[in-house]
Amino acid sequence: MKNVDIEIYVSQVITFFEKNPNDLMGLIGGLQKDEFYLKIRQQCEKNVEEGKDITLTKEQMINIVVDLKIPKITKQKQK
């Protein structure tokens with residue numbers, strides 16, 4: 001079941017980055033933005049399950065970016 005508050009928050013994040021594409025590129029670089037948005041949604045859902053605020057903390061946002069970039073970095077090192 002979808003949480004309306006999560007939908008609103010994720011929609012606002014997407015809208016922000018659509019209006020500020022340079023900020024998105026600065027944050028995630030060449031990563032897939034759809035995958036980034038999915039991870040944001042998943043973290044919001046986890047926050048709700050744990051009784052925390054839906055809004056991601058800076059640390060959670062950084063962890064999402066790192067989780068997405070580590071496979072890419074590891075792949076580059078293997079070449």
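**Exercise 1. Find which residues glutamine 43 is in contact with, leaving aside its neighbours within four places in sequence.**

Solution. Setting those neighbours aside, glutamine 43 is in contact with Leu56, Gln60 and Ile64. Keep in mind as you look that this is a predicted model. Next, place the residue: glutamine 43 sits in helix H3. Finally, consider its exposure. Buried means under 20% relative accessible area, and glutamine 43 has 17%, so it is buried.

**Exercise 2. Check whether the span of helix H1 agrees with its number of residues, and work out where its buried residues lie.**

Solution. Start with the length. Helix H1 covers residues 4–19, which is 16 residues, and at 1.5 Å a residue these should span 22 Å. The end C-alpha atoms are 22 Å apart, so the two values agree.

Now pick out the buried residues of H1: Ile6, Tyr9, Val10, Val13 and Phe17. Viewed down the helix axis, they fall within an arc of 95 degrees, and therefore they line one face of H1. A general rule helps here: an α-helix has 3.6 residues a turn, so residues three or four places apart point the same way.

Turn to the face away from the buried side, and you meet the exposed residues Val4, Gln12, Glu18 and Lys19. The cover over the buried residues of H1 includes helix H2 (21–28) and helix H3 (33–49).

One last step takes you to the N-terminal end of H1, which is capped by asparagine 3. A side-chain oxygen of asparagine 3 lies 2.8 Å from the backbone nitrogen of aspartate 5.

**Exercise 3. Describe the largest nonpolar core and say which elements give two or more residues to it.**

Solution. This core has 18 residues, and those touching the most other members are Tyr9, Phe36, Tyr37, Ile40, Cys44 and Leu56. H1, H2, H3 and helix H4 (58–78) each give two or more residues to the core. The largest share, 5 residues, comes from H1.

**Exercise 4. Classify the ring pair of phenylalanine 16 and phenylalanine 17, then that of phenylalanine 36 and tyrosine 37.**

Solution. A search of the whole structure finds 3 aromatic pairs. For phenylalanine 16 and phenylalanine 17, the ring centres are 5.2 Å apart and the planes stand at 70 degrees, so this pair is edge-to-face. Phenylalanine 36 and tyrosine 37 have 5.8 Å between centres and 50 degrees between planes, a tilted pair.

Compare exposure next: phenylalanine 16 is partly exposed at 41%, while phenylalanine 17 is buried at 8%. Phenylalanine 36 and tyrosine 37 are both buried. To finish, ring pairs link Phe16, Phe17, Phe36 and Tyr37 into a cluster.

Terms used
Residues numbered from 1 in each chain as written. Predicted model: local features only at pLDDT ≥ 70, side-chain atom pairs only at ≥ 80, totals over all residues. Heavy atoms only, no water. Helix = DSSP H or I, 4+ residues; strand = E, 2+ residues; numbered from the N terminus. Expected span 1.5 Å × (residues − 1). Buried < 20%, exposed > 50% of the residue type's maximum accessible area, 1.4 Å probe, protein only. Arc of directions from axis to C-beta. Contact = heavy atoms within 4.5 Å. Polar contact = N/O pair within 3.5 Å; in protein donor to acceptor, adjacent residues only side chain to side chain. Core = buried A, V, L, I, M, F, W, Y, C linked by side-chain atoms within 4.5 Å. Phe/Tyr/Trp six-rings, centres within 6.5 Å; stacked < 30°, edge-to-face > 60°.
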